[in-house]
Each structure stands twice: as structure tokens, then as C-alpha cells.
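I opened my notebook for a walk through one protein model. Come along and look things up with me.

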Amino acid sequence: MNKKWLSAAAKLAAATVLASVLAACSAGGGGGTNTASGSGASNCTNTIPKKNLPVVTMWGWYPNMQLVVDNFNKQNGEVQVCWTNVGQGSDEYDKFQTAISAGTGAPDVIMIEMDRIPTFQIQNALVDIKKYGFDAVKADYSEGAWKDVSVGDAVYGVPVDGGPMAMIYRKDIFEKYDITPPKTWAEYEQAAQKIKDAGGPAFGDFAANVSALTMALQIQKGAAPFTYDPAQQSSVGVKLNDQGSKDVLDYWGRLAKNGLVGTQDQFTPEYISGVINGKYATYISAAWAPGYLTGAGVGKGEDTGKFAVAPLPQWDADHPVQVNWGGSAFSVTSQAKNPELAAKVAYGLYADKESLTDGWTNQIIFPLNLKALNDPEFVNLKVAFFDGQQANKEVYVPAANAYKGVTYSPFGQYYFDAMTKQVSALIEGSVTGAQAADRLQEDVAKYAKEQGFTVQ
């Protein structure tokens, strides 16, 4: 998995995106130059083999996108894809925002992280694709996957990859200190204390720069941070200081204060070095993590064969809740002159067996298409990073199947940045977890009101 995906890492200037956001709700999208008629297709990264067919332009950043596009074009007799990589994460979003503001210049199809969909939907920048073939592919994805790309009853993207969460751990450290994978967060804390008392490394890490992870852990405890329905586009529910959210912040704040976990920012050279050198016994992350870690050099040197994965610890082992971190989709933009043809591309990209298989065998994506997710070859795969463990079968596939989805807000990046600020204060010890949650609620609710929303 590439770094983009890390929602907390991709930076989109919230003020730019949400300037006069409610006014933008009533503005219609203009027809772009990159249309399904074929104009604007001269700058393709790929070669279009069937030049007599209409062309749909698309932006996307997956490492194997060239293969995916070539597979689609080779197999499709109705439309061809002109693909351009304009950058990943914030680089792409900035360009898309510029095109939205100008009313021209957007592609027909765009790859977007799921948590960003409401931000662009509220500006009328995306098309509801439910009427363009949704019923034919609905059964190819889980209910939770569709919820993540929906706003209200409308569908604004085709799920591609996701991040069902789990606990990666160092087998050598667990064996040395006689630790078994904790099934609950209470057991996690107990194991952390046992290792600390024995003079061992930090049991995990509580970082300020992974707000999407913190949000997911709060949702696992019962939080529902946002409610939003475009049918009532001037109203948004903001509930960031419920008891579950406070409990999670208090829990991790206590672990950090007691020296049971580190507080290093993640996705930094220092953090990766710590993972490689056994500074952390566990890594709470998502199904894309093995690919990310492998690409960062983890599991290739002296730490080869030392990692395993277990289900995410639960608050109540008898009533498990599975959560997700990360995920992307293909969306149709409102500047597409032929949205039906563009939707055909969005539905068809990364949906053929060759593309899906290449994605998961090379650890580029964790697929959400059930044709891959239920493929015995995928389910029974012995994952090299986990020393041959059948991680999909034992951990990731059950977690993905049990995931119910979440409602994102139209100002997700502001929320993530505000969360980072409060978690930093919690780590520093200037606030408690409960106080951090109250301050976060006040901050984000105030921001929402400034943008013209009525906060519920």
C-alpha cells in the first residue's frame, strides 16, 4: 500500500476546499475538456489500443495503474481509458479542487480516498452513479464497502481497496517475554505492563499524526463522529466527545503516560527504524500495512520472518467490532459529459481477475471486490511478510466481511488536523483524554458553524 492512503498524511487545505461550501452546493458542474467524447485524451500516460472507441479520462496513482488500465482497454469493446497520474493524495486533490473552481479541467473518473468523497460531493463535483449500472455490480462488494463511498442514499464511488484493521506483532518479542496475542484492550495493557516490568521495548505506539486511526479505534468503542445526509445539506451531526471517544483517548493517554507505548509520529524514517530494530512489540494498523512496511524495508533484514498478525483487540471479546483505516474508490466527476460511460469505467477498473490478482499478490492493495476477497487463492495465501502465515484467512478477510462502514464528514481534513492537535496535547500531558475530546468537539463544531452548517 502506498503512503497516500494514509488519510492523516494526505493534506488538503480545508479552507480552500470548503470556502463558501454551502454556496458551492447549489452551483452546477461545468462540462470539462477531458470528456468521454475523446477530447483531452492526447496526454495519456498509456497507449490507447482501440482508437475508434470513445475515451474516458481518469486520474489515479496506484503503482500498477498502467497494468490495470491496459487490462481494461484490452478487454473492453465499448470505451477506452486515457490515464494520467497527476500525483497522489493532496497533489491530486489540489488539482481537482482547481478544476472544480474553474468549472473545467477535471477528468471523467478520479481516484479518491473514501473519507474525501463528502468533501467533493458537497461541491457538486461528483456524480451519483447509482443509476448507471449499480445494480449489476452491487453484489460484488460488501455493505460496509458501499457505505464508505455513499453520502446519504447516493453512491459516489466504486470501492477498490480497504484497510480492515488488525494487530501486527513481533513473534520474537512475544516469545521472549512469554506473551500471547491479547484478545482485548485490557489484555493489551496487561501485556504492555508485563514487558515494561521486564525491561522490554514499548508495546506499541500512540501517535498524533494518525488521526484516521484514532477515529477508527473510537468507532470500535461505539462512537459515531458524524452524521450527514445531503438531503439536509445545511445540517451535520458532530459528536466527538461521547463516552466511547473519551474512553479511547483516556486509554491511550494512560498507556503513553505510563511508558507502555511510544509516542513517535508514524510513517517517518525514525518510526520505521524502530519497527525494524524491535523498538515496538506491536503495530496496530490495517491490511495494507504489510505492503507498506515491505516497501519501507521492514522484514527484509535481520527482522525477516519475525512478524505475525492477530485480530484487532476488542473492548468486549463477546461482541467484536471490526473497523477500517484507509481505502480508495473510483468516482465519476460532474465534468464528465457522458457520466454513464464514465461509470462503466469506474465499475470496470480493477475488477478483472488479472488486475485484482496483481494488486494483492504484490501487496499493492487489499481488494474489496468480493471476487478477489472470496477467491480461495487469496484467502489461503501464505503471506511472506508474516513468515507464511495465512493472514487473510485468519485475520483480514473475516475483519473485512464484518466491517459495517462509516459516515464521513464534508470537512474531514479539518477534523483530522484538529484531532492531531488534541492528541498532541494529550501526549504532552496538558489535557486528559476526556478534556481532549471536549476540546475537539468545541473546535470542530465551531468550524462547522462557521462554514454555514447547523450542528446537530
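These are my entries, from the whole fold down to single side chains.

**Entry: the whole protein**

I noted at the start that this is a predicted model. I then looked up the secondary structure and found 20 helices and 14 strands. Next I checked the radius of gyration, which is 22 Å; a compact globule of 456 residues would come near 23 Å, so the protein agrees with that rule. The C-alpha atoms fill a box of roughly 70 × 50 × 35 Å along the principal axes.

I asked how much of the protein is buried, and buried residues make up 60% of the 456. The exposed surface is about 17300 Å², with carbon and sulfur atoms supplying 49% of it. I also looked at contacts between residues at least 6 apart in sequence, and 78% of them join residues at least 24 apart. Last on this page, I compared the mean positions of the 37 positive and 46 negative charges, which lie 1 Å apart.

**Entry: helix α10**

Is helix α10 mostly covered or mostly open? I found it mostly covered: 10 of its 10 residues, 211–220, are buried. Among them are Leu213, Met215 and Ile219, and also Ser211, Gln218 and Gln220. I looked up what does the covering, and it includes strands β6, β11 and β13 along with helices α9, α11 and α19. After α10 comes glycine 222, with a positive phi near 110 degrees.

**Entry: positive phi without glycine**

I reminded myself that most residues other than glycine have a negative phi. Two exceptions went into my notes.

Aspartate 178 has a positive phi of about 55 degrees. I found aspartate 178 in the loop between α8 and α9, and it counts as exposed because its relative accessibility is 59%.

Tyrosine 350 has a positive phi too, near 55 degrees. Its place is the loop between α14 and α15. Is tyrosine 350 buried or exposed? At 2% relative accessibility, tyrosine 350 counts as buried.

**Entry: salt bridges**

Side chains of opposite charge can pair when their charged atoms come close. How many salt bridges are there? I wrote down 9.

I looked at lysine 344 and glutamate 78, whose closest N and O atoms are 3.7 Å apart. This pair links distant parts of the chain: lysine 344 belongs to helix α14, glutamate 78 to the loop between α3 and β2, and they are 266 residues apart. Both ends are partly exposed, lysine 344 at 31% and glutamate 78 at 46%.

Aspartate 438 and lysine 246 also meet in a salt bridge, at 3.2 Å from N to O. Aspartate 438 sits in helix α20 and lysine 246 in helix α11, 192 residues apart. Here aspartate 438 is partly exposed at 34%, whereas lysine 246 counts as buried at 17%.

**Entry: arginine 170 and aspartate 303**

Arginine 170 pairs with aspartate 172, with 3.0 Å between the closest N and O atoms. Arginine 170 is buried at 4%, while aspartate 172 is partly exposed at 27%. I traced a network of salt bridges here that links Arg170, Asp172 and Lys306.

I then turned to aspartate 303, in the loop between α13 and β12. Why does aspartate 303 have no salt bridge with arginine 170, the nearest side chain of opposite charge? They are 4.5 Å apart, and a salt bridge needs a nitrogen within 4 Å of a carboxyl oxygen, so this pair does not count. Aspartate 303 is buried all the same, and it touches Arg170, Ile276 and Val298.

Conventions. Residues numbered from 1 in each chain as written. Predicted model: local features only at pLDDT ≥ 70, side-chain atom pairs only at ≥ 80, totals over all residues. Heavy atoms only, no water. Helix = DSSP H or I, 4+ residues; strand = E, 2+ residues; numbered from the N terminus. Rg over C-alpha atoms; globule rule 2.2 N^0.38 Å. Buried < 20%, exposed > 50% of the residue type's maximum accessible area, 1.4 Å probe, protein only. Contact = heavy atoms within 4.5 Å. Areas by Shrake-Rupley, 256 points an atom, 1.4 Å probe, with all protein chains shown as cover. Lys, Arg positive; Asp, Glu negative; His and termini not counted. Charge placed at Lys NZ, Arg CZ, Asp CG, Glu CD. Lists of a residue's contacts leave out its neighbours within four places in sequence.
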